[in-house]
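This report introduces a protein structure to a reader who has not met it before. The sequence and the model are shown first, and the description comes after them.

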Amino acid sequence: MQLKIKDSFNKELPSDSNLENTRRQVFNAAHSYVIPKVPSNPKLVHASEEMASNLGIGVEELKSKEFLEVFSGAKVYPKTKPYAMAYAGHQFGNWAGQLGDGRAINLFEIVNNETRWALQLKGAGETPYSRQGDGLAVLRSSIREYLCSEAMHHLGVPTTRALSLMSSGDDVLRDMLYDGNAEYEKGAIVCRVAPTFIRFGNFELFASRQDTKNLKILADYTIKYFYPELGKPSKETYIKFFGEVADRTLDMIIHWQRVGFVHGVMNTDNMSILGLTIDYGPYGWLEGFDFGWTPNTTDSQNKRYRFGNQPNIALWNLLQLANALYPLVEEASPFEEILNQYKTNFESRSLDMMRSKLGLQKKEDNDLKLINNLEDCLLSSETDMTIFFRLLSDYKKGKVENALGTIEKAFYKPEQIKGDILKQWKGWFKAYDQRLQMEEVDDDGRKEKMNLVNPKYVLRNYMAQLAIDKANNGDYSLIDDLFQLLKQPYAEQPKNEKWFTKRPDWARHKVGCSMLSCSS
């Protein structure tokens, strides 16, 4: 296995001079060198052939002993130095100070086909940033991260990727719901892949310590490798850099809202400087359309990271990044302009996104009212978001009397669609039909376009839980079934129609299917 290693992060950024793997505060450094823990009996559960190809790894090499050893952490690839990144962050709106890679170890960077990829193992053991944690991961959370990373990519959502999922052969103690009932679970390791894993929190760490020297080194490095089009470092370049990060972050958020994805833990240390979805913990897709839903038990009371608040939280997080970058610019107004532009851009892009979900190509003044009225209808009785928008593409212009039959499968409690609720829906479809009459495209053309933005298949939590339950019994077949299904989320896939269905009743309150903890 000949990998095209071209490390930059651990060569061009300051390293921790202390080489001991002990929990501590780390100063004047962007990372600490650390060797992964050797698993007792690693086995390959699944690997992404597509991601392997991106990295220059052949399909046959995925089954090799060397691949198993390198990507389980059993052996360090020759002439590389694994490390854990140092960063800080705001967690649930509160400053948490130094955080860092507590259970992620970066192996190396690969440059293949002129594209840079950083590879890291999640669950490969302790680091200086592990605090009270053991640095390990369980099969349950690893399956969720592995499947979701690739599923999001194929949905067209900016995301980190995943190369492989390994079982470690070791048992890991976890208190899944933080209720004092810790149990041993099967350990696992995921190899995560992204151009870089730099987060907002990397900048916050140096800024919080008034370490402007290293803050500048980090910013210059990030621009050099990931925003080279912005030119040489200067105050103007740093402002442009922040503008680009804000724009990419907004793009990611619009995609989340489009597919009904809720991240669950939008702390600043979980925000990628590239605008990628990063750190898949207690995430989920909306089942019933609900602006107030969050999958995170830790956030169940305040619901800071609820579906409807994600755009605002992204803006709040960008403000924290602006504060961190301020010492490089020493002017507040350029940052304020960009943050204000984010608000304006969100309104317009969100409206355009919803138009696309409804099959509307023209822009009409009353479109926002039509969308708001639809959201009121969706909230009037529990309605599955994914199924509703997918079935809506089957609606035929001029057939208002058949409209509710078209979307009936999206209702969790169809018996509730009567009286005022029924009247509300009929009124909306009448307005929708009138709006469609303004469009030049025919029903078939509209359906085709709508089906490119409204997925038929998403990784519902109950689906992931079914795969987890089987895997805990040694059967990994459903992991592959879902992996293949989610590679074509917009395709009809008649053989997989069983997955185009509402969340079953048994999953409504089941742990892992409705609410999840940060241990997930």
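The sections below describe a predicted model, taking a strand, the cores, the open and closed spaces, and one loop residue in turn.

## Strand β10 and its partners

Strand β10 covers residues 183-194, and 9 of its 12 residues are buried, so the rest of the structure largely encloses this strand. The cut-off behind this reasoning is that a buried residue has under 20% relative accessible area.

Three strands are described here as partners of β10. Strand β9 (residues 161-174) runs antiparallel to β10 and is joined to it by 10 bridges; in this pairing Arg161 stands opposite Val193 of β10. Strand β7 (residues 115-122) also pairs with β10 in the antiparallel sense, over 5 bridges, and Leu121 has Cys191 of β10 as its bridge partner. Strand β8 (residues 137-138) is antiparallel to β10 as well, with 2 bridges between them. Here Val138 is matched with Gly187 of β10 as its bridge partner.

## Nonpolar cores

The largest nonpolar core contains 130 residues, and the members that touch the most other members are Phe203, Trp425 and Tyr432. Helix α7 (residues 235-259) makes the greatest contribution to this core, giving 11 residues. Another core lies apart from it and has 33 residues, including Ala47, Leu62, Ile110 and Ile189.

Trp425 can be followed further through its contacts. When residues up to four places away in sequence are not counted, Trp425 touches Leu374, Cys377, Leu378, Ser380, Thr383, Phe388, Leu404, Ile407, Phe411 and Ile417.

## Enclosed cavities

The model has 4 cavities of 30 Å³ or more. The volume of the largest cavity is about 100 Å³. Its lining consists of 13 residues, and those nearest the centre are Gly123, Leu136, Ser168, Asp170 and Ile189. Strands β9 and β10 are the elements that each give two or more residues to this lining.

By class, the lining of the largest cavity comprises 7 nonpolar, 4 polar and 2 charged residues. One of the residues nearest the cavity centre, Ile189, is also among the members of the 33-residue core.

## The second largest pocket

The second largest pocket holds about 430 Å³ of space. It is lined by 20 residues, of which Gln257, Phe291, Phe346, Ser350 and Glu375 are the closest to its centre. Two or more lining residues come from each of α8 (310-329), α9 (333-358), α10 (367-380) and α11 (385-392).

Among the contributing elements, α9 gives the most to the lining of this pocket, with 6 residues. The lining divides into 13 nonpolar, 5 polar and 2 charged residues.

## A loop residue: Lys409

Lys409 belongs to the loop between α12 (403-407) and α13 (419-436). With a relative accessible area of 62%, Lys409 is exposed. The reason for that label is the cut-off, because exposed means over 50%.

Which residues does Lys409 contact when its neighbours within four places in sequence are left aside? They are Ile387, Leu391 and Lys502. The C-alpha atom of Lys409 is separated by 9.0 Å from that of Thr383, a residue 26 places away along the chain. Thr383 also appears among the residues that Trp425 touches.

Terms used:
Residues are numbered from 1 along each chain as its sequence is written. This is a predicted model: local features need pLDDT of at least 70, side-chain atom pairs count only at pLDDT 80 or more; totals for chains, interfaces and linings use all residues. Side-chain values use heavy atoms; hydrogens and water are left out. On a 1 Å grid over the protein atoms alone, a cavity is a set of points where a 1.4 Å probe fits but cannot get out, and a pocket is an open set with protein on both sides within 12 Å along at least five of seven lines; lining residues have an atom within 4 Å of a point. Grid points are joined across faces, edges and corners, and a volume is the space filled by probe spheres set on the points. Helices (H or I, at least four residues) and strands (E, at least two) are DSSP runs, numbered from the N terminus. Ala, Val, Leu, Ile, Met, Phe, Trp, Tyr, Cys and Pro count as nonpolar, Asp, Glu, Lys and Arg as charged, and the others, Gly among them, as polar. Buried means under 20% relative accessible area, exposed over 50%, partly exposed in between (1.4 Å probe, protein chains only). Two strands pair if DSSP finds at least two bridges between them. A nonpolar core is a set of buried Ala, Val, Leu, Ile, Met, Phe, Trp, Tyr and Cys residues joined through side-chain atoms within 4.5 Å. Contact means heavy atoms within 4.5 Å.
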